[in-house]
Amino acid sequence: MHRPLLRAVGAATALYGLAVAVRPGLLARPSGLAEPDGSVPKATAICLRPLALRDAACGLAMLTAPDDRSLRTAALLRIASDFGDAALLTGTLPGRRHRAMAFTVSVGWGALSVAGLAASRRSERSPGQ
């Protein structure tokens, strides 16, 4: 398992999740969910905060997992969240550019966690396999 990569993904998503929980515009603006003046409608902020806190919780779980089994479980949750975001947001966000960006970012973060888990499978094989 590539623990440093998984822990780095966890730290980054935890920090970003906490930042978005405090300032929903960090996610609303690049997602096309802000008003033309950049303000975030109250209803949008209310809906984004639970997603942000989910990311923070997943990230903290990856960062602080006490053993490989826990880290693997937290990474799988992160992957499911990222790929789920990609599927849902690309079908619902306004504007093609925003949908493409959401897809790219979500799949990219999910792929980093997949890579961290896949590295464990390669490193666990014996040299002759």
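# Exercises on a five-helix model

In this protein, 69% of the contacts with a separation of 6 or more are between residues 24 or more positions apart. The model is a predicted one.

**Exercise 1.** State how many helices and strands the protein has, and in what order its elements run.

*Solution.* Start with the count: the protein holds five helices and zero strands. Then follow the chain from the N terminus, where the elements read α-α-α-α-α.

**Exercise 2.** Find what span helix H1 should have, and set it against the distance between its end C-alpha atoms.

*Solution.* Helix H1 covers residues 3-22, which makes 20 residues. The expected span is 1.5 Å times one less than the number of residues. For H1 this gives 28 Å, and the end C-alpha atoms lie 29 Å apart, so the two values agree.

**Exercise 3.** Work out where the buried residues of H1 sit around its axis.

*Solution.* First list the buried residues of H1: Leu 6, Val 9, Gly 10, Thr 13, Ala 14, Gly 17, Val 20 and Ala 21. Looking down the axis of H1, these buried residues fall within an arc of 135 degrees, and therefore they line one face of the helix. An α-helix has 3.6 residues a turn, so residues three or four places apart point the same way. On the other side of H1, the exposed residues are Pro 4, Leu 15 and Val 22.

**Exercise 4.** Repeat the span check for helix H3, then name its buried residues.

*Solution.* H3 takes in residues 42-64, a run of 23 residues. At 1.5 Å a residue the helix should span 33 Å, and its end C-alpha atoms are 33 Å apart, which agrees. Buried in H3 are Thr 44, Ala 45, Leu 48, Ala 52, Asp 55, Ala 56, Cys 58, Gly 59 and Met 62.

**Exercise 5.** Is Ala 61 buried, exposed or partly exposed, and why?

*Solution.* Ala 61 has its place in helix H3. Buried means under 20% relative accessible area and exposed means over 50%. The relative accessible area of Ala 61 is 33%, so this residue is partly exposed. As a further step, take Leu 93, which is 32 residues from Ala 61 along the chain: the two C-alpha atoms are separated by 28 Å.

**Exercise 6.** Describe the whole protein by its box, its buried share, its surface and its charges.

*Solution.* Along the principal axes, the C-alpha atoms fill a box of roughly 60 × 30 × 15 Å. Of the 129 residues, 33% count as buried. The accessible surface is about 7,500 Å², with 66% belonging to carbon and sulfur atoms. Last, there are 16 positive and 8 negative charges, and their mean positions are 3 Å apart.

Definitions and conventions
Residues numbered from 1 in each chain as written. Predicted model: local features only at pLDDT ≥ 70, side-chain atom pairs only at ≥ 80, totals over all residues. Heavy atoms only, no water. Helix = DSSP H or I, 4+ residues; strand = E, 2+ residues; numbered from the N terminus. Buried < 20%, exposed > 50% of the residue type's maximum accessible area, 1.4 Å probe, protein only. Arc of directions from axis to C-beta. Contact = heavy atoms within 4.5 Å. Areas by Shrake-Rupley, 256 points an atom, 1.4 Å probe, with all protein chains shown as cover. Lys, Arg positive; Asp, Glu negative; His and termini not counted. Charge placed at Lys NZ, Arg CZ, Asp CG, Glu CD.
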